[in-house]
Amino acid sequence: MKLLVLSDTHGYLENARNVLERIGQRMDGVLHLGDHAYDARDLQSEYQTLPFYFVKGNNDFADKAPNDVILKFFGKKLLLTHGHKQQVYWSHDTISYWAEEKGADVVIFGHTHSPVNEHKGSVMIFNPGSISLPRGVPNPTFGILEITEQGLIYGSIMEYIDAQTFLRKK
C-alpha cells in the first residue's frame, strides 16, 4: 500500500498535479491534510481512479470535511488531522499523546508547512510539509507512506525540484 501525502496546497495546485501525473499511477491513494480541503476535492475529480482521504485545516472555515480521519491498512491505524488543534508549531508532544490515546500507529498532519518524519514514543509522526508554500526548507515537499502486508510502515519526505525531479529527503 503506497499513499501520496499532500498538505497545505492553499489553492496552488500546479505542483500537486505534476506529482500526481508523474507518480499517481503507482499510488494506492492520496491523503490531503487540509488548507485547502476543496483542493483535495478538485484533485479527486481530476484523478478519479485514486481514492482520496482528506481533512479540513484551519483555513477551511465553511468546509464540511472532517477534522480528523482514522484509516486502517494491514492492521495499522493512521490518524489524519491538520494539526492546528494540537499546537504542532510549538512541539509534537500534544499530537503524539493524542495519537497514542486514539491507538494510532501513525499521526499524519500538516499546518506547519515543514516536513517531519520521526517517532515519538510508540507513534510515527509524519508531516509532508507543503507542496505549494514550504517553510524552513528551500523547496516544496510531499510525502509517501508505504505500509507493507506485514504491517511495516515506511515514510519518505520527497523534495519537489521541478515537474521531472523529486528527491528523497529522509
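**Cavity lining.** I looked up the character of the residues around the largest cavity and found that they divide into no nonpolar, five polar and three charged. Since I am working from a predicted model, I note this as a property of the model. The residues that line this cavity are K56, N67, D68, T81, G83, H84, K85 and Q86. I then looked up its volume, which comes to about 40 Å³, and a search of the whole structure finds one cavity of 30 Å³ or more.

**Largest pocket.** I turned next to the open space, where the largest pocket holds about 190 Å³. Of the 14 residues that line this pocket, I wrote down those closest to its centre, namely K2, M27, I144, S156 and R168. When I asked which elements give two or more residues to the lining, I found β9 (141–147), β10 (153–162) and β11 (165–168). The lining of the pocket divides into eight nonpolar, two polar and four charged residues, whereas the lining of the largest cavity has no nonpolar residues.

**Y154.** I picked this residue from strand β10, an element that also gives two or more residues to the lining of the largest pocket. Is Y154 buried or exposed? Neither term applies, because its relative accessibility of 46% makes Y154 count as partly exposed, the class between under 20% and over 50%. Leaving out residues up to four places away in sequence, I found that Y154 touches M124, I144, L145, E146 and T148. For one of these partners, I144, I also looked up the separation from Y154, which is 10 residues in sequence and 8.2 Å in space, C-alpha to C-alpha. I144 is also among the residues closest to the centre of the largest pocket.

**Helix α1.** I went through residues 14–23, which form α1, and found N15, A16, V19, L20 and I23 buried. Seen down the axis of α1, these buried residues fall within an arc of 135 degrees, so they line one face of the helix. As background to that pattern, an α-helix has 3.6 residues a turn, so residues three or four places apart point the same way. On the face of α1 turned away from the buried side I found the exposed residues E14 and E21.

**N15.** I kept one residue of α1 for a closer look, N15, which counts as buried because its relative accessibility is 17%, under the 20% limit. A polar atom of the N15 side chain lies 2.9 Å from the backbone oxygen of I131. With residues up to four places away in sequence not counted, N15 touches I131, P140 and Y160.

Notes
Residues numbered from 1 in each chain as written. Predicted model: local features only at pLDDT ≥ 70, side-chain atom pairs only at ≥ 80, totals over all residues. Heavy atoms only, no water. Buried < 20%, exposed > 50% of the residue type's maximum accessible area, 1.4 Å probe, protein only. Helix = DSSP H or I, 4+ residues; strand = E, 2+ residues; numbered from the N terminus. Arc of directions from axis to C-beta. Polar contact = N/O pair within 3.5 Å; in protein donor to acceptor, adjacent residues only side chain to side chain. Contact = heavy atoms within 4.5 Å. 1 Å grid on protein atoms, 1.4 Å probe; cavity = no way out; pocket = protein on both sides within 12 Å on 5 of 7 lines; lining within 4 Å. Points joined across faces, edges and corners; volume = space filled by probe spheres on them. Nonpolar A, V, L, I, M, F, W, Y, C, P; charged D, E, K, R; others polar.
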